[in-house]
Amino acid sequence: MEPKGTGAMAQALECGKVDMAVMLAEGAVARAAVGAPIKVVGTYVKSPLRWGIHVRNGSGLTSVVDLKGKMFGVSRMLSGSHLMAHVLAHQRGWDLQRDAPLKVVGTLDGAREAMGRGEIDAWLWEKFTTKHIVDSGEWDIVGEVPTPWPCFLLVASDAALAERAKEIQTVVEVTHPVCEEFKANSGGLTTSYVSEHHALGEEDASEWLRGTEWACALEVQ
């Protein structure tokens, strides 16, 4: 199955289209907490996701302090960008309603359009995903907020766990050495791949790899 957003993957699990998925931790836990027929079965990436705090270049906003009371764009309510805006406000001791108001803008492209029109002042998104936008001079990054939890979890449907638990265990076991090989970056193959497929320079790809730690284990860290 091709990569999809957290909501789409949760729906695929719940309707039986897929048996297992790698999901952002906050999305997986949120779905399981409201009774969705899925279970978190392990940790895929144990390092945090690094959310960049982005502003329009030339906006005059040069630090996180400047963002108090400014409009934060979010992809949708209850999304990662929504949650991390709240995490930032909590860390800063801000009032959520007054100091970090929210506007739904949809996709990353929607955020770029809304930022360009002055409808939002800040956008939180994974910093390497948006690096090409910062490098182009369209946006600036004034800080980052790492998630205070592992970023990607292994999730399976209740039906799959009941019927194919051994196969799920096997998938994790055979994937683990592949993760180790990817992390090892033998001959620079990993950084070259990341650079080519994700619009990152070699230095940025190396920084991403240094900060990413895989667990790929049937345990929650």
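Which residues are exposed on the other side of helix α5, away from its buried ones? In this predicted model, the exposed residues there are Gly 116 and Arg 117. The points below begin with helix α5 and then turn to the sheet.

**Helix α5 and its surroundings**

- Helix α5 spans residues 108-117, and its buried residues are Leu 108, Gly 110, Ala 111, Ala 114 and Met 115.
- These buried residues lie on the same side of α5 because they cover an arc of only 150° around the axis.
- The cover over the buried residues of α5 includes the strands β3 (50-56), β6 (122-126) and β7 (139-146), together with the helix α6 (131-135).
- Just after α5 comes Gly 118, a residue that takes a positive phi of about 80°.

**The four-stranded sheet**

- An open sheet is formed by four strands, which follow the order β1-β8-β2-β9 with antiparallel pairing.
- At the edges of this sheet are β1 (20-24) and β9 (214-217), each of which pairs on one side only.
- From one strand to the next, the twist averages 35°.

**Pairing and packing within the sheet**

- Strand β2 (residues 38-45) and strand β8 (residues 152-157) run antiparallel, and six bridges join them.
- One of the residues involved is Val 45, whose bridge partner in β8 is Phe 152.
- Helix α2 (residues 25-33) packs on the sheet, where it touches β1, β2 and β8, and the direction of α2 makes about 115° with that of β1.

Technical notes. Residues are numbered from 1 along each chain as its sequence is written. This is a predicted model: local features need pLDDT of at least 70, side-chain atom pairs count only at pLDDT 80 or more; totals for chains, interfaces and linings use all residues. Side-chain values use heavy atoms; hydrogens and water are left out. Two strands pair if DSSP finds at least two bridges between them. Helices (H or I, at least four residues) and strands (E, at least two) are DSSP runs, numbered from the N terminus. Axes are lines fitted to C-alpha atoms, for helices over the stretch in contact, and angles run from 0 to 180 degrees between N-to-C directions. Contact means heavy atoms within 4.5 Å. Buried means under 20% relative accessible area, exposed over 50%, partly exposed in between (1.4 Å probe, protein chains only). The arc is that of the directions from the helix axis to the C-beta atoms.
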